[in-house]
Amino acid sequence: LANSDDNVIVSAPTGAGKTALFEMAISRLFALKLNGQSQRGVNGGVSSVKVVYIAPNKALCDERQQDWSNRLAHIDRSIVCTTITGDANATSSYGEIAKAHLILTTPEKWDSITRRWNDYVVLLGSVKLMLVDEVHMIGEKDRGSCLESVISRMKTIQRAASSRMLTSYEIASSSFKQAQPNDLMSNMRIVAVSATLPNLGQLASFVESGEAYVFDDSYRPVPLSIFVQACGHIGKNRYLFDKSLDQHVPSILKRFSSGRPAIVFCHSKKETETLASELSKSYTAPTKLNDSALRKFAGQTNTPSLQKCLLRGIAFHHAGLDASDRRIVEEAFTSGSLFCLCATSTLAMGVNLPAFLVVIKGTSAYRGAANGHQDIDMGTLLQMVGRAGRPGFDKSGTAVIMTDSLSKTRYENISQGYVHLSI
């Protein structure tokens, strides 16, 4: 990563340091451009090339943007990091891309931006490093095709940019005047990371990587134990079964948490709020709470239901909360003031909030009337499980998967690595 420009794909458990791999690739590209030692073209400084980082959600983009802005300032204070997500119109997005050196975005947003690539071939062709976080998402039914399209389109853009032999005059009249002809003719590097999946070779072939590295759970900074809790049979009504899982959560927390912080992953925003409210009324904190700290956090939010939960050492976290409320919850959990956080799966791929215990409340989710209940994809499940164990605080981590009796054996196999991704 630090000594070549080859495409690389790496599979490693959560917490094993995959972000550092991205940072090595970024540092190499920018450092070579600054020093004028790049073998891909003449020295144009970092302003002539761009890096695109693609992550599953905005929360992860925002977290990386804040961290990398500070780190990259040590290489060159002029380096600009920009997050492009949400509903910003395409015209303004192209302007932001032209000004930025490192663009952080989601598959859906980059798909929208690159659909008109032929009109912006110089701008998009200046992307010389593509970082794909959670590349196993390519196997998801709903979003996988979008990520696959984005990667394929970027390879097409690079081939088009390198074959056009654009002159300096044509570049000066384009959407990105700082581009260097030799840079446009060079190859784009792809670095992709994934959760632990055994058929990484297929993904490596797709991203044209000659190097694929697989690291098993022995490389986790904190050893992980996974338990599968059978909570009865589904019966005729799936909704009633899913609702019945709430009553099992207190006993699981009491049995496995050992008085340390826990995250309970639910599969809808409403579920997180309902469960947090129920726990705040019926579950007694395993350790003495820091009442003054909890009152401070509760006083910072204007959401009544969240205030009540915070005062009991419990909170909920989902995309529907205001950004300020999410930050309050994150700070409260990170400080150790909360003993239980009920969250949606977006937290597993977003803010870095590990806990000693992770509980996954159910292995299926309702996807609307047309699709009914569907099993959560294995990539997401692995991400949630991987949040168990806090480096520097715990010597081990524990994850509990709550499911029905018939599915127990299937999910027990996860701890033995029998997860296969179809692409």
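**Close-up 1. Length of helix 2 in the predicted model.** Helix 2 holds 15 residues. At 1.5 Å a residue, these should span 21 Å, and the end C-alpha atoms lie 20 Å apart, so expectation and model agree. The helix covers residues 58-72.

**Close-up 2. The two faces of helix 2.** Buried here are L60, C61, R64, W68 and L72. These residues cover an arc of only 90° around the axis, which means that they sit on the same side of helix 2. An α-helix has 3.6 residues a turn, so residues three or four places apart point the same way. Q66 and N70 are exposed. Both are carried on the face of helix 2 turned away from its buried side.

**Close-up 3. The start of helix 2.** N57 makes a side-chain to backbone approach here. One of its side-chain oxygens comes to within 2.9 Å of the backbone nitrogen of L60. L60 is also one of the buried residues of helix 2.

**Close-up 4. The second largest pocket.** The space in this pocket is about 510 Å³. Helix 1 (18-35) and helix 2 (58-72) are the elements that each give two or more residues to its lining. Helix 1 supplies the largest share, 4 residues.

**Close-up 5. Lining residues of the second largest pocket.** The lining consists of 29 residues. Nearest the pocket centre lie T14, G15, T19, N352 and R387. By class, the lining has 13 nonpolar, 9 polar and 7 charged residues.

Terms used:
Residues numbered from 1 in each chain as written. Predicted model: local features only at pLDDT ≥ 70, side-chain atom pairs only at ≥ 80, totals over all residues. Heavy atoms only, no water. 1 Å grid on protein atoms, 1.4 Å probe; cavity = no way out; pocket = protein on both sides within 12 Å on 5 of 7 lines; lining within 4 Å. Points joined across faces, edges and corners; volume = space filled by probe spheres on them. Nonpolar A, V, L, I, M, F, W, Y, C, P; charged D, E, K, R; others polar. Expected span 1.5 Å × (residues − 1). Buried < 20%, exposed > 50% of the residue type's maximum accessible area, 1.4 Å probe, protein only. Arc of directions from axis to C-beta. Polar contact = N/O pair within 3.5 Å; in protein donor to acceptor, adjacent residues only side chain to side chain.
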